[in-house]
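Here is a short report on one protein model. Keep the structure in view as you read.

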Amino acid sequence: MAIKVKAIERNVSFDKNKEKWAYVLQADLYNKLTQTKVIQEAALRSGIAKGSISAAWDAIGEVLKAWATEGHSVAIPGLGSMRFGLRSKSVPDVNKVAATLITSRRVIFTPSTDILKQLADTSVNITCYDRDGNVVKRVTSGDSGNVEEGSEYDCQIVLTAQPAEGGTVTGAGGYMSGDSVTIKAVAAAGYSFVKWSDNVTDAERTFNAEQDMTLEAIFKLDGEEQGGSIGE
């Protein structure tokens, strides 16, 4: 078993008057397998009648939908877990909290460790096509098998302190787009907070998450002159 990938030679130049050719990887997908096909294959492998598997499939599907609707994270046999989630905006006034803050609804799937290991252990077969569509090479990858795990969060907020002994920062972590984020810098004894690396001088601040962000809280020793170039 292997993941199939195409490497197609394309013109990747953004300049209309110039050409820059490079091999670009993209998935080489199989046909979509229908529920009927999956049930048929499961029956062959297990020796269980197709009708019994189909009935169990339908029952499990109904349980998954019902429990996810109630807010549970529901196990999907052999695959991981699923739950329902929301994307929403934030408001500072409790009187303005309403369903209109919801921007979209989503399904969140968390794969099991077995699935992640299977992905890591699966080889990758690459077929290379030149700009004329001819197959010029086939390769089986020898990559390290690193697996990027999915995250239910859209934005990662990373916070650091400069110098590290100058103080502590709180509020880092994963957030959904539109979530209200409050970060805070607290100076250690003998230090004072100066500003964040984006030049905001409020030690505690609140904003809505929109994208990944890395911020540094800049501290100085009490009595030390602070140059304007730090953090800029």
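The report below goes from a helix to the sheets, with salt bridges along the way. The model is predicted.

## Helix 1

Start with helix 1, which covers residues 35-46. Helix 1 has 12 residues. From its first C-alpha to its last it reaches 16 Å. That is close to the 16 Å expected at 1.5 Å a residue. Just after the helix comes G47, which takes a positive phi of about 80°.

Two charged residues of this helix form a salt bridge: R45 and E41. Their closest N and O atoms are 3.0 Å apart. R45 and E41 are four residues apart in helix 1, so about one helical turn separates them. How exposed is each partner? R45 is exposed, at 69% relative accessible area. E41 is partly exposed, at 31%.

## A nonpolar patch

V38 also sits in helix 1. Together with L33 and W57, V38 makes a nonpolar surface patch of about 280 Å². V38 is partly exposed, with a relative accessible area of 34%. A residue needs over 30% to be part of a patch, so V38 qualifies with its 34%.

## The sheet 3-4-5

Now look at an open sheet of three strands. The order is 3-4-5, and the pairing is antiparallel. Strand 3 (74-76) and strand 5 (102-111) stand at the edges. Each has a single partner strand, so one side of each is left without a neighbour in the sheet. From one strand to the next, the twist averages 35°.

How many bridges join strand 4 to strand 5? There are nine, and the two strands run antiparallel. Strand 4 covers residues 80-88. To find a matched pair, look at S88: I102 in strand 5 stands opposite.

## Salt bridges elsewhere

A search of the whole structure finds five salt bridges. One of them links R131 and E9. Here the closest N and O atoms are 2.9 Å apart. R131 lies in the loop between strand 6 (123-129) and strand 7 (135-140), while E9 is in strand 1 (residues 2-11). The pair therefore ties together parts that are 122 residues apart in sequence. R131 is partly exposed, with a relative accessible area of 44%. E9 is buried, at 14%. The cut-off for buried is under 20%, which means that E9 falls on the buried side with its 14%.

Another salt bridge joins R205 and D198. The closest N and O atoms are 2.9 Å apart. Which partner is buried and which is partly exposed? R205 is buried, with a relative accessible area of 14%. D198 counts as partly exposed, at 36% relative accessibility.

## Strand 8 and its partners

Strand 8 covers residues 155-162, and its side chains alternate along the strand. C155, I157, L159 and A161 point to one face and are buried. Q156, V158, T160 and Q162 point to the other face and are not buried.

Strand 8 pairs with strand 10 (residues 173-175) in the antiparallel sense. Three bridges hold this pairing on record. Q156 stands opposite G174 in strand 10. Strand 8 also pairs with strand 14 (residues 213-221), and these two run parallel. Six bridges join strand 8 to strand 14. In this pairing, L159 stands opposite L215. L159 is one of the buried residues of strand 8.

## The sheet 9-11-13

The last stop is an open sheet of three strands. Its order is 9-11-13, with antiparallel pairing. Which strands lie at the edges? They are strand 9 (167-170) and strand 13 (204-208), and each pairs on one side only. On average, neighbouring strands of this sheet are turned by 15° against each other, direction ignored.

Strand 11 (residues 180-187) pairs with strand 13 over five bridges, in the antiparallel sense. One bridge to follow runs from S180 to its partner N208 in strand 13.

Technical notes
Residues numbered from 1 in each chain as written. Predicted model: local features only at pLDDT ≥ 70, side-chain atom pairs only at ≥ 80, totals over all residues. Heavy atoms only, no water. Patch = residues over 30% accessible without salt bridge, like charges linked within 9 Å, V, L, I, M, F, W, Y side chains within 5 Å. Areas by Shrake-Rupley, 256 points an atom, 1.4 Å probe, with all protein chains shown as cover. Salt bridge = Lys/Arg side-chain N within 4 Å of Asp/Glu carboxyl O. Buried < 20%, exposed > 50% of the residue type's maximum accessible area, 1.4 Å probe, protein only. Pairing = 2+ DSSP bridges. Axes fitted to C-alpha atoms, helices over the stretch in contact; angles between N-to-C directions. Expected span 1.5 Å × (residues − 1).
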